[in-house]
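This report looks at charged side chains that pair up and at the nonpolar interior. Please have the sequence and the model open while reading.

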Amino acid sequence: MNGSNGDTADGHRPTAASASSAAPARGRAGRVRMTGKQRREQLLDIGRTVFAERGYDGTSVEEIAERAGVSKPVVYEHFGGKEGLYAVVVDREMQLLLDMVTGALTGGHSRELLEQAAFALMDYIDTSTDGFKILVRDSPVAQSTGSFASLISDIAVQVEDILGLEFKARGFDPRLAPMYSQMLVGMVALTGQWWLEVRKPQKSEVAAHLVNLAWHGLEGMERHPRLVGERQQ
């Protein structure tokens, strides 16, 4: 038999389950019906776009549902509302950025490690612009993972070890490494926020200047810095 009666090549008639796995289910008017997982991912993608465009306060469940072509209850079913959707979007972006930073630190000279960290942040800003726009806003969600300060702290932890080793080698107090890592990462993040708007010079040049300031700043550091102005406290 050549299968013209609907049998498969091995002579077995396809079941309803195998037929549904072979192609997406379609509803009325030929509309593709998504699985629950597919719908959740679609709502996350749309939510990410709208939050980046309008911010948390300017975004509504109605708009997200309309763009997704679903009713509001579908959004509530998956995330419990706007706050739940926003929290998942923020958590995903935080994890993506942290993964990019940790993955970029592949070793080498201390200056090269600083370059890798700077490039990782700039790459994230360049390739995940919507996500960065969301992260640099203070989150109205009552959780620490939603704040830009928390993001900076998490990334700075990845840089502490680099600075700690460098401080030891140069005779500086390694206990100050966490504070300096906050300074360096904050400098890169805020510069990236500025670069996002102007887009010049090119990314590699920005990274080179960031590392130039950071590295030569470390080279010229005083072991016991002091204030030179009148105010001392």
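In this predicted model, arginine 175 counts as exposed because its relative accessibility of 72% is over the 50% cut-off. Its salt-bridge partner is aspartate 173, with 3.0 Å between the closest N and O atoms, and aspartate 173 counts as partly exposed at 27% relative accessibility.

In general, side chains of opposite charge can pair when their charged atoms come close. Across the whole structure a search finds eleven salt bridges, and three of the pairs, given with their N to O distances, are set out here.

| Acidic residue | Basic residue | N to O distance |
|---|---|---|
| aspartate 173 | arginine 175 | 3.0 Å |
| glutamate 62 | lysine 72 | 3.0 Å |
| aspartate 126 | lysine 203 | 3.1 Å |

The salt bridge between aspartate 126 and lysine 203 links distant parts of the chain, since aspartate 126 lies in helix α6 (residues 110-127) and lysine 203 in helix α10 (residues 203-219), 77 residues apart. Aspartate 126 is partly exposed, with a relative accessible area of 31%.

Glutamate 62 and lysine 72 also meet through their side chains, and this pair joins helix α3 (residues 61-68) to helix α4 (residues 72-79), the two residues being ten apart. Glutamate 62 is partly exposed at 43% relative accessibility, and lysine 72 is likewise partly exposed, at 33%. Elsewhere, a network of salt bridges links Glu53, Arg54, Glu63 and Arg67.

Turning to the interior, the largest nonpolar core has 55 residues, and Leu97 and Ile155 have the most contacts inside it. Leaving aside residues up to four places away in sequence, leucine 97 touches Leu121, Tyr124, Leu135, Leu151 and Ile155.

Key
Residues are numbered from 1 along each chain as its sequence is written. This is a predicted model: local features need pLDDT of at least 70, side-chain atom pairs count only at pLDDT 80 or more; totals for chains, interfaces and linings use all residues. Side-chain values use heavy atoms; hydrogens and water are left out. A nonpolar core is a set of buried Ala, Val, Leu, Ile, Met, Phe, Trp, Tyr and Cys residues joined through side-chain atoms within 4.5 Å. Buried means under 20% relative accessible area, exposed over 50%, partly exposed in between (1.4 Å probe, protein chains only). Contact means heavy atoms within 4.5 Å. A salt bridge is a side-chain nitrogen of Lys or Arg within 4 Å of a carboxyl oxygen of Asp or Glu. Helices (H or I, at least four residues) and strands (E, at least two) are DSSP runs, numbered from the N terminus.
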